[in-house]
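Me: Please walk me through this protein chain by question and answer.

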Amino acid sequence: MSTAKLHVKKGDTVVVLSGKDKGKQGKIISSLPKKRQVIVEDVNKVKRHTKPGLKSPQGGIIQKEMPLDVCKVQVICPACNKPTRIAHKIVDGKNSRVCKKCGEVIQ
């Protein structure tokens, strides 16, 4: 696989477009560009049975977020609060991500 950049990055607020969590919103906790996946806060949660260890001395059933394919999420513009695609434009000599709907720069 190539190391193509993702259209989202850590800290972006996104909405899920398809799957069991369709319509849910959350922040991106981490991104996995080589697999083209992202982990979104409180989305795609699964239960895992764990043995006692250093991280969880008691063990038991824990809930954790699993990765989603990056094509299933869309960025929410902080200015207009709508899901939007991202354009790349040069603003003040720097390549910036820009909202396609309102034209505001997305940090």
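The turns below cover the fold, the spread of the chain and one sheet.

Reply: This is a predicted model, in which local features need pLDDT of at least 70, side-chain atom pairs count only at pLDDT 80 or more, and totals for chains, interfaces and linings use all residues. Residues are numbered from 1 along each chain as its sequence is written, and side-chain values use heavy atoms, without hydrogens and water.

Me: How many helices and strands does the protein chain have?
Reply: Helices (H or I, at least four residues) and strands (E, at least two) are DSSP runs, numbered from the N terminus. By that count the protein chain has 0 helices and 11 strands.

Me: Is the protein chain more spread out or less spread out than a compact globule?
Reply: The globule rule, 2.2 Å times the number of residues to the power 0.38, gives 13 Å for 107 residues. The radius of gyration, taken over C-alpha atoms, is 17 Å, well over that value, so the protein chain is more spread out than a compact globule.

Me: What percentage of the residues count as buried?
Reply: Buried means under 20% relative accessible area (1.4 Å probe, protein chains only). Of the 107 residues, the share that counts as buried is 26%.

Me: Which strands stand at the edges of the open sheet of order 9-10-11?
Reply: This sheet of 3 strands has antiparallel pairing, where two strands pair if DSSP finds at least two bridges between them. Two of its strands each have a single partner strand, so one side of each is left without a neighbour in the sheet: strand 9 (86–91) and strand 11 (105–106).

Me: Which residue in strand 11 stands opposite Arg97?
Reply: Strand 10 (residues 94–99) and strand 11 pair in the antiparallel sense over 2 bridges. Opposite Arg97, in strand 11, stands Ile106.

Conventions:
Buried means under 20% relative accessible area, exposed over 50%, partly exposed in between (1.4 Å probe, protein chains only).
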